[in-house]
Structures are given as structure tokens and as C-alpha cells.
Amino acid sequence: MPADPTLDPFNQLLGTWTTEATHPKMPGVVVHGTATIEWLEGKQFLILRADTDHPDFPDSISIIGRTEHDRIDPSTHAVASTAGSAPLHMQYFDERGVFRINETRFEDAKWRWWRDAPGFSQRFTGTFTDSGDTIVGLSQLREDDVHWTDDLEITYRRQT
């Protein structure tokens, strides 16, 4: 099966990145880490592994791709393409046992992901610098279903 062309913009994420993050609940603390982003064989899914050096920030893995339904055609047992037919998802898993499903996309040099869930919505926007070697990102939370508050600020720097 050919690579899913709607994932092409995510090629900008490929590689290893150093990360620096701050959180409003921990003033003055800078959390350092690494994010590695690579294709799963076949280029249908991206794998994002994130590790940090701080015990209060979990290591995680995310899978980005089309995951809205089973891709196996029951009549032929062949893989059915879904390119372009539905939103992209980022399934997030971390060492605490947390699992979340986010929608994700690229637009105007920005990587976005979000989830709307009663009592705990999240959104993230990461903006690429002109060189493409740095992403400056901010995630936000909405716990009352009305007001967004800033959460994690994170900067990704591409390792060369």
C-alpha cells in the first residue's frame, strides 16, 4: 500500500528533537527531554516517542495516522485505504497508563492537536520557525467546558 499522502506534511516532524518545557504549576523549573519521530514501516503511521528528565513529567509514545475504523476489508481481508476520507488522529499513551485520542493536522507552518472531552479538553499549537529547526508550542486545558488556560509550554529543537 502506498504511503498516505495526507500525512506528507508530517515529514517536517521527522527526526530527533531536544525539548525544553515549562509548566505554570512549577515556576522556574525547565524540563529537558528528547522527542524522536519516525515512520512506521509502510508510511501509514508516525511514531512519536517523548522522554523527559523530570519524574513529574511522563515519558510517552504517540501514534499518528488514520485510526477511525478497521482498515481490513472483511470480504477480501485486504488492507483498505482511507487516505483523505477522515481526520488524522494522534493516539497518546504514557507511563502512567494514560491514553488519549486527539485529532491532529498541519496548517500554515503550525502543528495542531486537540481533544474535546467534557471536563478535560486539551489543545496544542506548535509553530515552526522560518528555518524549520525549531517548534515553539503551547498546550492549553479546559476543565470547566468554557475557559481555556495555558498548560505546558514546550520548545522542540532539531538535533543535527
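**Strands β4, β5 and β6**

I began with the pairing of β4 and β5 in this predicted model. Strand β4 covers residues 60-65, and six bridges join it to β5. The two strands run antiparallel. I looked up one position in this pairing: S62 stands opposite Y92 of β5.

Next I followed β5 to its other partner. β5 and β6 also pair in the antiparallel sense, over six bridges. Here I noted F93, whose bridge partner in β6 is F99. The hairpin of β5 and β6 has four residues between the strands. In that hairpin I found G97 with a positive phi near 95°.

Why do I call β5 largely enclosed by the rest of the structure? I checked burial along residues 88-94. Six of the seven residues of β5 are buried, so the strand earns that description.

**Aromatic pairs**

I then searched the whole structure for aromatic pairs and got eight. I wrote down F10 with F106. Their ring centres are 4.8 Å apart and the planes meet at 85°, an edge-to-face pair. This pair links distant parts of the chain. F10 sits in the segment before β1 (15-22), while F106 belongs to strand β6, residues 99-107. The two are 96 residues apart. I found both F10 and F106 buried.

I also took W111 and F124. The ring centres are 5.4 Å apart with the planes at 70°, so I logged this pair as edge-to-face too. I needed the cut-off here: planes over 60 degrees apart count as edge-to-face. W111 lies in strand β7 (residues 110-115) and F124 in strand β8, 13 residues apart. What is the relative accessibility of W111? I read 1%, so W111 counts as buried. F124 has a relative accessible area of 5%, and therefore I put it down as buried as well.

How far do the ring pairs reach as a cluster, and which residues do they link? I listed F10, W17, F106, W111, W113, F124, F128 and Y156. Both pairs I described have their residues in this cluster.

One more ring caught my eye, W148. R123 lies over its face, at 4.0 Å from the ring centre.

**S121**

I went on to S121, in strand β8, which spans residues 121-128. Is S121 buried or exposed? The relative accessible area is 1%, so I recorded S121 as buried. I looked for a polar partner of the side chain. A polar atom of the S121 side chain lies 3.0 Å from the backbone nitrogen of A117. I then listed contacts, leaving aside neighbours within four places in sequence. S121 is in contact with R115, D116, Q140, L141, R142 and W148. W148 thus appears twice in my notes: it touches S121, and R123 lies over its ring face.

**T16**

My last stop was T16, in strand β1. With a relative accessible area of 27%, T16 is partly exposed. Which residues does T16 touch, not counting those up to four places away in sequence? I found T34, A35, T36, R157, R158 and Q159. I checked R157 further. T16 and R157 are 141 residues apart along the chain. Their C-alpha atoms are separated by 8.4 Å.

Conventions: Residues numbered from 1 in each chain as written. Predicted model: local features only at pLDDT ≥ 70, side-chain atom pairs only at ≥ 80, totals over all residues. Heavy atoms only, no water. Buried < 20%, exposed > 50% of the residue type's maximum accessible area, 1.4 Å probe, protein only. Polar contact = N/O pair within 3.5 Å; in protein donor to acceptor, adjacent residues only side chain to side chain. Contact = heavy atoms within 4.5 Å. Phe/Tyr/Trp six-rings, centres within 6.5 Å; stacked < 30°, edge-to-face > 60°. Lys NZ or Arg CZ within 6 Å of the ring centre and 35° of its normal. Pairing = 2+ DSSP bridges.
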